[in-house]
Amino acid sequence: MALFGNKNRNTENDYSEALAKLQSVSEEFTFGTLNDEEAVRMELMAEADEEGLFNALKDGLSKTRDNIARGIDDLFSGHSSIDDDFYEELEELLIMGDVGVNATESIIDELKKRVKEEHIKEPIECRKILIDSIRRQMDVGENEYSFENERTVMIVIGVNGVGKTTSIGKLAWKYRARGKKVMIAAADTFRAAAGDQLLEWAKRADVPMIGGKEGADPSSVVFDAVNSFKAKNGDILLIDTAGRLHNKKNLMEELKKMNRIIDRELSGIHRENFIVLDGTTGQNALVQAREFNETADLTGIILTKMDGTAKGGIAIAVQSELKVPVKYIGVGEKIQDLQKFDAEKFVSAIFDADTEENYE
Ligand code: GDP
């Protein structure tokens, strides 16, 4: 495993730069004291270690690979011609692999079109087209991450247990390790434990957190956080919200109130609305995403627990159905276990194609 495997990056320079920024930030902004320089170094090295990240992803998705790719490979090698049976079996495999009805339909439609246009006769030739089509459907442009370098307020929603707290902690850490002034607002005042857990993550990430008492108006927490963020000239404000879906109207009202405060106090600031989904729950995650998307104008998805799930195909389903990109994936319980979503790597990890040449 090459720690400095990527020739295009100079990790030592990245490290010195981020550390210098961090140290200037920490004097006026940190929650605690920054005493974990080694951890910052580890984060930057981990980000630069593309081979290591890919291997972790590949290991994590091995069950998904067994669930989707193995069946598809058997189908390709077991059929001698591309006929209705072949398409039907492929459709079934994709749907069983949690790829979702919409995404499956568009993948099959594209496949049929190309088979016709390119006069393809051998089922095995469909493999490349299939992989290509999934990769294109999943592609997240770099523009989608431009907020990381802007002043941004990010509202994070999701039902309890999906990994919302953990993901907010990981994001705080990620941005902080890049020398950003990060602040967390604990606006899930519904459960006292939510604030306590988030505080643990804020401490770990070494970023300030503004919270409120159990039962306090979440908007008042947002108001305090926004003002503190403004006064301290923060870069990224992460707002945790209560994960209640059963009362959509309340959630909608709550989000509206929060949005009004942000618009008034931080007018013109970049906004992101993220939903956190548990990748192990397959179609349930899709149902949640759909419902939340009716309430909030989602700009990104964080798919958690992608380490060890057989239902990783859900990444394809949510992105295709909601037209909202999966921007990050959780691949473990540690603070560094959050990766930017990379369609190329994701598809390679599922279809066992180590390099692009393998698609050819
Ligand atoms: P919340 O109720 O949505 O805030 O969920 P938590 O953040 O408390 O996470 C619930 C559980 O999921 C915890 O045990 C986390 O450690 C675990 N978890 C969160 N993200 C991941 C992940 O990416 N991988 C794994 N394996 N576990 C995760």
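Trainee: In which hand does H5 pass H6?

Mentor: In this predicted model, helix H5 covers residues 84–96 and helix H6 covers residues 101–117. Their axes come within 9 Å. The crossing in which H5 passes H6 is right-handed.

Trainee: Are H5 and H6 roughly parallel or roughly antiparallel to each other?

Mentor: The axes of H5 and H6 cross at roughly 150 degrees. Angles over 145 degrees count as roughly antiparallel. H5 and H6 are therefore roughly antiparallel.

Trainee: How many residues of the contact of H5 with H6 are nonpolar?

Mentor: H5 contributes Phe86, Tyr87, Leu90, Glu91, Leu94 and Ile95, while H6 contributes Val101, Thr104, Ile107, Ile108, Leu111, Lys112 and Val115. Among these residues, 1 is polar and 2 are charged. The number of nonpolar residues is 10.

Trainee: What is the relation of H10 and H11 to each other?

Mentor: Helix H10 spans residues 218–231 and helix H11 spans residues 248–265, with axes 9 Å apart. The angle between them is about 20 degrees, and angles under 35 degrees count as roughly parallel. H10 and H11 are therefore roughly parallel.

Trainee: How many residues are charged in the contact of H10 with H11?

Mentor: From H10, the contact includes Pro218, Val222 and Lys230, and from H11 it includes Glu254, Met258 and Arg264. Of the residues in this contact, 7 are nonpolar and 2 are polar. The number of charged residues is 5.

Trainee: How are H3 and H14 placed with respect to each other?

Mentor: Helix H3, residues 50–60, packs against helix H14, residues 343–351, at an angle of about 50 degrees. This angle is neither under 35 degrees, nor over 145, nor within 65 to 115. H3 and H14 are therefore oblique.

Trainee: Which residues of H14 meet H3?

Mentor: The contact of H3 with H14 divides into 4 nonpolar, 1 polar and 3 charged residues. On the H3 side stand Glu50, Phe54, Leu57 and Lys58. Their partners in H14 are Lys345, Phe346, Ser348 and Ala349.

Trainee: Which residue has an N or O atom in its side chain 2.6 Å from an oxygen atom of the ligand?

Mentor: The ligand is surrounded by 17 residues, and the closest are Gly161, Thr165, Thr166, Asp307 and Glu333. A polar backbone atom of Val331 is 3.5 Å from an oxygen atom of the ligand, and one of Gly332 is 3.2 Å from an oxygen atom of the ligand. The side-chain contact at 2.6 Å belongs to Glu333.

Technical notes
Residues numbered from 1 in each chain as written. Predicted model: local features only at pLDDT ≥ 70, side-chain atom pairs only at ≥ 80, totals over all residues. Heavy atoms only, no water. Axes fitted to C-alpha atoms, helices over the stretch in contact; angles between N-to-C directions. Helix = DSSP H or I, 4+ residues; strand = E, 2+ residues; numbered from the N terminus. Left-handed = near helix turned anticlockwise from the far one by under 90°. Contact = heavy atoms within 4.5 Å. Nonpolar A, V, L, I, M, F, W, Y, C, P; charged D, E, K, R; others polar. Near = heavy atom within 4 Å. Polar contact = N/O pair within 3.5 Å; in protein donor to acceptor, adjacent residues only side chain to side chain.
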